[in-house]
Amino acid sequence: ANSSADNHKGNEVSIFELLKNQMEASVKFASVYPEFAMFSSKVANETNQEIRQNIDAEIGNATNSYFSDLIRQNIKSKILRDDMPDEFMINIFIYLISHFNEFLIHSNIQVDMENTVKIAEYLGFYVEFIEKGLGKNSN
């Protein structure tokens, strides 16, 4: 028996595992290439509507539609809560994924190689917080 398949229906990767992997990759990238990370953070948080639309048209939509589908799928299969609108769940998920590095900075944790243990610890808390808050059967 494949134990990871038993935990989730079919071959689905847990959305929380995916979230954690995505954010770990983002943190690694930021600690190795801080100037690119700063740039991509600026891009991700662009507020000028015209620029925002161009960014979304170029890169944002593919990522967002992937996560949107995944989140809807996880709501249907009762892994994520179904008592909130899909759009809210999608938006909060994407927001939380894309703002972890800023959360670290606001927590006075520099995103660099010296802080990998602390960052990993915070990432664990962050994902657990998301899972307990947005997961269906987590209490």
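Gln22 is a handy place to start, and it sits in helix H2 of this predicted model. With a relative accessible area of 39%, Gln22 counts as partly exposed. Setting aside neighbours within four places in sequence, Gln22 touches Phe67 and Ile97. Ser98 is another residue to look at here: 76 residues separate Gln22 from Ser98 in sequence, yet their C-alpha atoms are 9.5 Å apart in space.

Stepping back to the whole protein, there are 7 helices and 0 strands, so to speak a run of α-α-α-α-α-α-α when read along the sequence. The protein has 139 residues, and buried ones make up 29% of them. As for contacts between residues at least 6 apart in sequence, 61% join residues at least 24 apart.

Back to H2, which covers residues 15–32. Its 18 residues should span 26 Å at 1.5 Å a residue, and the C-alpha atoms at its ends are indeed 26 Å apart, so the two figures agree. The buried residues of H2 are Ile15, Phe16, Leu19, Met23, Val27, Ala30 and Ser31. Looking down the axis of H2, these buried residues fall within an arc of 135°, so they line one face of the helix. A general point about helices helps here: an α-helix has 3.6 residues a turn, so residues three or four places apart point the same way.

H7 can be read in much this manner. This helix has 19 residues and reaches 26 Å from its first C-alpha to its last, close to the 27 Å expected at 1.5 Å a residue. Within H7, Ile119, Leu123, Tyr126, Val127, Ile130 and Leu134 are buried. They cover an arc of only 95° around the axis, which puts them on the same side of H7. Val117 and Phe129, on the other side of H7, are exposed. What covers the buried residues of H7? The cover includes H2, H5 and helix H6, residues 100–106.

The pairing of H5 with H7 deserves its own look. In general, two packed helices are described by the angle between their axes and the distance between the axes. For H5 (residues 86–98) and H7 (residues 116–134), the axes come within 12 Å and cross at roughly 175°. That makes H5 roughly antiparallel to H7, because an angle over 145 degrees counts as such. On the H5 side, the residues that meet H7 are Met89, Ile92, Phe93 and Leu96, and their partners in H7 are Tyr126, Ile130 and Leu134. Sorted by type, the residues of this contact come out as 7 nonpolar, no polar and no charged.

Beyond H7, the segment that follows holds Asn137, which is exposed with a relative accessible area of 64%. Asn137 and Lys78 are 59 residues apart along the chain, and 8.2 Å separates their C-alpha atoms. Lys78 belongs to the loop between helix H4 (49–76) and H5, and at 45% relative accessibility it counts as partly exposed.

Backbone angles round off the picture. Most residues other than glycine have a negative phi. Lys78 has a phi near 65°, a positive value in a residue other than glycine. Asn108 also has a positive phi, near 60°, and is likewise a residue other than glycine. Asn108 lies in the loop between H6 and H7, where its 72% relative accessibility makes it count as exposed.

Key. Residues numbered from 1 in each chain as written. Predicted model: local features only at pLDDT ≥ 70, side-chain atom pairs only at ≥ 80, totals over all residues. Heavy atoms only, no water. Axes fitted to C-alpha atoms, helices over the stretch in contact; angles between N-to-C directions. Helix = DSSP H or I, 4+ residues; strand = E, 2+ residues; numbered from the N terminus. Parallel < 35°, antiparallel > 145°, perpendicular 65-115°, else oblique. Contact = heavy atoms within 4.5 Å. Nonpolar A, V, L, I, M, F, W, Y, C, P; charged D, E, K, R; others polar. Expected span 1.5 Å × (residues − 1). Buried < 20%, exposed > 50% of the residue type's maximum accessible area, 1.4 Å probe, protein only. Arc of directions from axis to C-beta.
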